[in-house]
Amino acid sequence: MTATLVRHPAVAGRFYPRDPEVLREEIGSYLAQPTKQKPISALGCIVPHAGYMYSGHVAGAVFAALEIPELCLILCPNHTGMGRPLAIVSEGSWETPLGDVPIDGEFAANLKRTCPLLQEDTAAHRNEHAAEVELPFLQVLQPHLKFVPIAVGTSQFGALEQLGIAIADVIAAQNSRVLIVASSDMNHYESDAITRAKDHRAIEPILRLDARALHDTVTQEDISMCGFGPAVAMLTATKKLGASRAELVKYATSGDISNDRDLVVGYAGIIVPAS
């Protein structure tokens with residue numbers, strides 16, 4: 001019998017609290033929305049992945065609005081440059097301060113079989129924070145959580161579209177719901193005014209579920225949205241699964257917290273409802 005592979009947290013104590021009680025309390029504060037509405041079923045979402053003090057309130061607004069199913073697919077950018085262009089992990093579990101989250105090996109295997117571009121690769125995920133920071137939110141809301149992580153290190157539209165189509169096909173064959181979480185911050189390290197203008201140019205095609213237009217807008221207009229690849233794949237998948245609209249739940253910049261308006265990062269929280 002082989003030992004279970006466990007990925008230990010890379011950014012606990014930096015991006016979010018290491019102490020489980022402090023972490024749970026902090027997440028609870030981000031999930032406590034002023035106008036509490038009934039959570040909805042969604043096919044996908046876009047959530048930021050900065051340190052919780054900066055973007056936790058945006059991620060919390062998204063996750064609080066959703067029914068979190070037992071299986072989530074987390075697509076994240078590859079900030080480290082390590083590993084394969086489309087890197088999946090299909091066995092083991094990921095440890096967070098709130099406990100271990102198992103990977104759904106069967107779902108991962110189906111994804112690899114349907115999308116040959118996906119390659120088994122732990123190196124891309126070892127020090128990557130963008131999927132890890134979403135897990136504690138999901139754990140708080142779904143105690144029976146399983147997930148599959150994919151780090152997206154390519155910007156080629158054809159590859160991203162192929163991934164999205166494969167995700168939709170595998171999910172369509174499932175007997176249970178799957179939430180596609182695209183982890184992404186928006187524009188980086190320009191002024192607050194420029195960042196807001198650039199971000200809303202990127203958000204507009206997202207709300208139309210137009211994956212190609214998002215790709216072209218980000219790449220042609222110099223918008224440093226780090227997770228546009230995950231967003232393109234998520235939009236491709238959700239549209240193929242029957243989505244007809246997306247909603248901007250919350251938008252902010254790091255300047256809203258730091259009061260530094262000269263160099264900011266943008267954060268958008270977006271939901272793609274199931275119907």
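In the predicted model, serine 254 is in contact with Tyr54, Leu263, Val264, Val265 and Tyr267, once its neighbours within four places in sequence are set aside. Serine 254 is located in the loop that runs between strand 11 (247-253) and helix 10 (255-258). Its relative accessibility is 8%, and because the limit for burial is under 20%, serine 254 counts as buried. Tyr267, one of the contacts of serine 254, also belongs to a nonpolar core, described below together with the core from which it is separate.

The largest nonpolar core comprises 88 residues, of which Phe63, Leu73 and Leu111 touch the most other members. The greatest contribution to this core comes from helix 6 (residues 157-172), which supplies eight residues. With residues up to four places away in sequence not counted, leucine 111 touches Leu73, Ile88, Leu118, Val148, Ile150, Ala166, Ile167 and Val170. A second core, separate from the largest one, consists of five residues, among them Ala50, Val58, Ala252 and Tyr267. In soluble globular proteins, nonpolar side chains tend to be buried together.

Aromatic contacts were examined next. Six aromatic pairs are found in a search of the whole structure. For tyrosine 30 and phenylalanine 137, the ring centres are 6.4 Å apart and the planes meet at 35°, so this pair is classed as tilted. The two residues come from distant parts of the chain, with tyrosine 30 in helix 1 (residues 20-31) and phenylalanine 137 in helix 5 (residues 135-141), 107 residues apart. Both tyrosine 30 and phenylalanine 137 are buried. An edge-to-face arrangement is adopted by tryptophan 94 and phenylalanine 147, with 5.1 Å from centre to centre and 75° between the planes. This pair likewise links distant parts of the chain: tryptophan 94 belongs to strand 5 (residues 93-96) and phenylalanine 147 to strand 8 (residues 146-152), at a separation of 53 residues. Tryptophan 94 and phenylalanine 147 are both buried.

Ring pairs also join Tyr16, Tyr30, Tyr52, Phe63 and Phe137 into a cluster. Phe63 thus appears in this cluster and among the residues that touch the most other members of the largest nonpolar core.

Charged side chains are placed over two of the aromatic rings. Arginine 7 lies over the face of tryptophan 94, at 4.3 Å from the ring centre; tryptophan 94 is also the partner of phenylalanine 147 in the edge-to-face pair. Arginine 212 lies over the face of phenylalanine 157, at 4.3 Å from the ring centre.

Key:
Residues numbered from 1 in each chain as written. Predicted model: local features only at pLDDT ≥ 70, side-chain atom pairs only at ≥ 80, totals over all residues. Heavy atoms only, no water. Phe/Tyr/Trp six-rings, centres within 6.5 Å; stacked < 30°, edge-to-face > 60°. Helix = DSSP H or I, 4+ residues; strand = E, 2+ residues; numbered from the N terminus. Buried < 20%, exposed > 50% of the residue type's maximum accessible area, 1.4 Å probe, protein only. Lys NZ or Arg CZ within 6 Å of the ring centre and 35° of its normal. Contact = heavy atoms within 4.5 Å. Core = buried A, V, L, I, M, F, W, Y, C linked by side-chain atoms within 4.5 Å.
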